[in-house]
Amino acid sequence: MKKKSIVALLATGAAGLLLAGCGGRGATNAASGGGDGVKELRVVIAEYSKDHTKTFWDAFAKKYEARTGVKLNLQIVSWNSIDQQTSTMIQNGNPPDILNLNAYASYAKDGLLYHSEEVLPAATKADLIDAFVQSGTYNGKMYGFPDLSSARAMFYNKGLFRRAGISAPPKTWDEFVSDAQKIAALGDGTVGYAQPLGPEEAQAEFSIWAFNNGGAWKSDGTWSINSSKNIETLQFLKDLSTKYKVTQNNPGKTNRTDGAFALFSSGKAGMVVGLSQLSTGLDKEEKVDYGVAPMPTRDGGVPQTYGVTDYLMAFKKNGNQDAVKKFYELYYQPDQVNTWIKAEGFLPVTESGLKIFASDPALKVYLDTLPNIHLTPTDDPTWDKVKLAVQQQIGAAVAPDGNPAAVLGELQKTAETGG
């Protein structure tokens with residue numbers, strides 16, 4: 001496959017990149033069927049939306065069964081609990097055949113997954129954006145097959161900005177705090193910033209702020225979770241609620257979709273970190289006059305962004321290899337993968353998809369920030385445990401009695417010891 005750098009991808013209109021996590025252990029070779037072919041594949045899919053996820057995958061299952069004679073036993077699971085549920089499945093030696101999640105490396109390390117040469121058609125791999133091939137590769141083999149991607153930016157409520165006398169989105173953290181305070185002062189339940197540090201995606205919220213303060217999960221190949229920059233970032237996120245009083249109540253327990261996004265969509269939040277999927281819902285409802293801008297940085301430097309891809313990984317089970325390969329053959333057909341991505345409001349993972357998505361002006365802000373995108377270390381087998389620990393623990397740091405340095409110190413220990 002012809003390799004492309006991030007800069008080259010930007011020139012061709014690429015969008016989003018990666019992140020990750022998961023959690024769990026356990027090995028299995030239990031067959032989901034028998035002999036050389038299975039009659040059923042168990043497929044666990046994360047629920048991206050109430051409106052589209054089940055609809056798409058039900059239709060996909062019918063088409064797949066018609067083509068192959070193999071039934072897809074679908075399980076749609078909320079992002080709020082999918083890490084815990086799938087971790088339990090795998091620990092109990094009962095993984096699905098196909099799993100949609102945002103981390104894979106620990107399972108690849110344990111020899112539980114098929115790699116691309118075993119189940120992914122060569123033409124399909126050649127069409128994948130190279131950055132996603134790299135993020136899905138562990139020890140020289142590709143195990144994480146991307147299903148969609150996203151990049152993050154700052155959403156702001158133009159109506160609330162006008163009422164508060166704010167002429168433009170903030171570019172520095174000081175400007176951000178000042179703007180958020182002005183919006184919170186409008187009253188009537190309005191908050192300056194909707195902050196989601198609950199378990200759904202706490203690692204994403206912390207990541208994008210840390211990246212805009214010069215922080216990182218790893219530095220020079222070594223875990224740096226409790227670096228001074230990261231501690232400073234988490235203290236800032238705590239101060240937003242406990243000192244500046246600009247967030248909703250209990251941000252450490254607030255999830256992204258049903259918490260922060262819901263607040264912004266109802267017109268009650270001045271700002272929130274979002275992605276193209278949020279735009280889709282806002283455009284449909286037409287209740288909020290909003291804008292999208294690059295993230296504010298600690299000192300006004302070049303804005304950094306955070307990107308994510310999720311994966312469709314395949315667990316090795318006796319007799320399921322051919323059925324799994326046929327699953328990918330169908331999924332990566334343009335009329336399937338791009339239909340799924342568009343319906344959910346995300347960004348493409350294939351070169352052919354770029355030609356379709358690059359013409360959408362609504363994606364410009366994400367494309368403009370791609371040169372400075374940052375990823376989480378999904379290719380590190382320890383990341384799934386780290387991510388799960390972050391989701392469960394980091395919210396406590398922003399409580400009134402929270403200790404950001406102590407929480408990050410414990411997360412550093414988790415990373416260094418492998419859990």
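Helices (H or I, at least four residues) and strands (E, at least two) are taken here as DSSP runs, numbered from the N terminus. The model is a predicted one, so to speak: local features need pLDDT of at least 70, side-chain atom pairs count only at pLDDT 80 or more, and totals for chains, interfaces and linings use all residues. Residues are numbered from 1 along each chain as its sequence is written, and side-chain values use heavy atoms, with hydrogens and water left out.

## Pocket and cavities

Let's start with the empty space. On a 1 Å grid over the protein atoms alone, a cavity is a set of points where a 1.4 Å probe fits but cannot get out, while a pocket is an open set with protein on both sides within 12 Å along at least five of seven lines; lining residues have an atom within 4 Å of a point. Grid points are joined across faces, edges and corners, and a volume is the space filled by probe spheres set on the points.

The largest pocket comes in at about 720 Å³. It has 25 lining residues, and Tyr48, Ser49, Lys50, Thr257 and Gln277 are the closest to its centre. Helix H12 (256-265), helix H13 (276-285) and helix H15 (334-344) are the elements that give two or more residues to this lining, with H13 giving the largest share, seven residues.

There are also two cavities of 30 Å³ or more. The largest cavity, at about 140 Å³, is lined by 18 residues, and those closest to its centre are Trp79, Arg152, Glu201, Arg256 and Asp310. Strand E6 (146-151), strand E13 (305-314) and helix H18 (383-393) each put at least two residues into that lining; E6 has the largest share, with three.

The second largest cavity has a volume of about 70 Å³. Its lining includes Arg152, Glu201, Arg256, Phe261 and Val273. Helix H10 (202-211), H12 and strand E11 (269-274) each supply at least two of its lining residues.

Here are the linings by class, with Ala, Val, Leu, Ile, Met, Phe, Trp, Tyr, Cys and Pro counted as nonpolar, Asp, Glu, Lys and Arg as charged, and the others, Gly among them, as polar.

| Space | Nonpolar | Polar | Charged |
|---|---|---|---|
| Largest pocket | seven residues | nine residues | nine residues |
| Largest cavity | six residues | five residues | seven residues |
| Second largest cavity | five residues | one residue | four residues |

## The sheet around E11

Now for E11 and its neighbours. Two strands pair if DSSP finds at least two bridges between them. An open sheet of four strands runs in the order E8-E11-E7-E12, with mixed pairing. Its edge strands, strand E8 (191-193) and strand E12 (290-293), each pair on one side only. From one strand to the next the twist averages 25 degrees, where axes are lines fitted to C-alpha atoms, for helices over the stretch in contact, and angles run from 0 to 180 degrees between N-to-C directions.

E8 and E11 pair in the parallel sense over two bridges, and valine 191 stands opposite alanine 269 in E11. H10 packs on the sheet, touching strand E7 (153-157), E8 and E11, and its direction makes about 95 degrees with that of E11. H12 packs on the sheet as well, touching E7, E8, E11 and E12, at about 135 degrees to the direction of E11. Contact here means heavy atoms within 4.5 Å.

E7 and E11 run antiparallel and are joined by four bridges; tyrosine 156 has methionine 271 in E11 as its bridge partner. Six of the six residues of E11 are buried, so E11 is largely enclosed by the rest of the structure. Buried means under 20% relative accessible area, exposed over 50%, and partly exposed in between (1.4 Å probe, protein chains only).
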